[in-house]
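Biologist: I'd like a close look at one part of this protein, the small sheet and whatever packs around it. Could you walk me through it, and then move outward from there?

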Amino acid sequence: VGKKVQAIYLWWHKPVINKELLQSLPNLKVIANSGVGMDHLDLKLVASFGVKMANAPRAVSSTTADTGIALLLASARRLVEVHNISISSCMEYCEADILGVKVAGATLGIIGMGSIGYKIALRAKAFEMNILYHNRTQRKVQEEQAVGATYCKKIDTLLQQADFVMLVVSLTPQTHKLIGKRELELMKPTATLINISRGAVVDQEALVAALQTGVIRAAALDVTSPEPLPRDHPLLQLKNVIITPHLGIKTDKATYMITEEAVENILAVLNGLPLPSEVLPS
């Protein structure tokens, strides 16, 4: 049926798009992705076959922002640790051992202020946080004022000042291992790293060392590299880490909205209309 296929809807990176598949689908016009990140696609290869590509930014931004804030709060108040204490058979603990950190008045540094990053800033403002952000381009003044965010042209400035650092960038050659040993050492020893982008944005070996030696306080990760981690990976043994299985967009409503947005993109191409969420190779 290869000649009949005009569109592909990618769900969780399936099917795998490679040269052989593209060659077998001579009438393919569009690939619609179920999410924002496109690092699983060779954009230049796909474009070379004359195939358009689209993602689903509108459907996922709010849900992913919720995940980021949930991880921030869970790490700050050590919810996983205290949950395990609460359901243990002995229920013995010292209150000094489960003290969390205050969120109100703390400084959140957002690395990547796109649609998701901005919605995180909106939520953080409601928690009375001070907001710094680093982005390739600075937001409009009125957008900054709406959330009380301050632009940091250099990532180092943000890392040195933030109590919580949240990664919300796309995975590209430029952001691969964006946070490594040097960047972690710039952070406060009381700081928490939160990653809701892609696992490869962080040098995981450097992160393990930083968490083991107290370079930073904690980490909360919705993404790792690979996913899932091997069961003997040292990150899984640390108490000051929360790991979730790429929950970002996983709600019933978001899943439905993603499908709607993908269908909208597919129908636009098939009907010769402008593609609402087109992604171009860089």
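Modeller: Sure, and keep in mind that this is a predicted model. To set the scene, residues 69-248 are 33% helix and 16% strand, and the C-alpha atoms at the two ends of that span lie 11 Å apart. The UniProt record, an unreviewed entry, gives this stretch the feature "domain: D-isomer specific 2-hydroxyacid dehydrogenase NAD-binding".

Now to your sheet. Three strands make it up, in the order β1-β2-β3, with parallel pairing, and the sheet is open. The edges belong to β1 and β3 (52-54); each has a single partner strand, so one side of each has no neighbour in the sheet. On average, neighbouring strands are turned by 15° against each other, ignoring direction. If you zoom in on β2 (residues 30-33), you'll find three bridges joining this strand to β3 in the parallel sense. One pair to look for is isoleucine 31 with its bridge partner in β3, methionine 53. Packed on the sheet is helix α10 (residues 252-270), which touches β1, β2 and β3 and has a direction at about 160° to that of β1.

Next, go to the segment before β1 (7-10), where you'll meet glycine 2. Glycine 2 has a relative accessible area of 23%, so it counts as partly exposed. Leaving out neighbours within four places in sequence, its contacts are Ser24, Leu25 and Pro26. Glutamine 23 is 21 residues from glycine 2 in sequence, yet their C-alpha atoms are 9.3 Å apart in space.

Another piece worth a look is helix α3 (residues 57-76). With 20 residues at 1.5 Å a residue, α3 should span 28 Å, and its end C-alpha atoms are indeed 28 Å apart, so the two agree. Because 14 of those 20 residues are buried, α3 is largely enclosed by the rest of the structure. After α3 comes arginine 78, with a positive phi near 55°.

Since you work at the bench, you may also want to know about the cysteines. The model has zero disulfides. Take cysteine 94: the closest cysteine sulfur belongs to cysteine 90 and is 14 Å away, which is too far for a bond. Cysteine 94 is partly exposed, at 40% relative accessible area, whereas cysteine 152 counts as buried because its relative accessibility is 5%.

Notes:
Residues are numbered from 1 along each chain as its sequence is written. This is a predicted model: local features need pLDDT of at least 70, side-chain atom pairs count only at pLDDT 80 or more; totals for chains, interfaces and linings use all residues. Side-chain values use heavy atoms; hydrogens and water are left out. UniProt positions are given in the numbering used here, feature names are shortened, and annotations may be inferred rather than shown by experiment. Helices (H or I, at least four residues) and strands (E, at least two) are DSSP runs, numbered from the N terminus. The expected span of a helix is 1.5 Å times one less than its number of residues. Buried means under 20% relative accessible area, exposed over 50%, partly exposed in between (1.4 Å probe, protein chains only). Contact means heavy atoms within 4.5 Å. Two strands pair if DSSP finds at least two bridges between them. Axes are lines fitted to C-alpha atoms, for helices over the stretch in contact, and angles run from 0 to 180 degrees between N-to-C directions. A disulfide is a pair of cysteine sulfur atoms within 2.5 Å.
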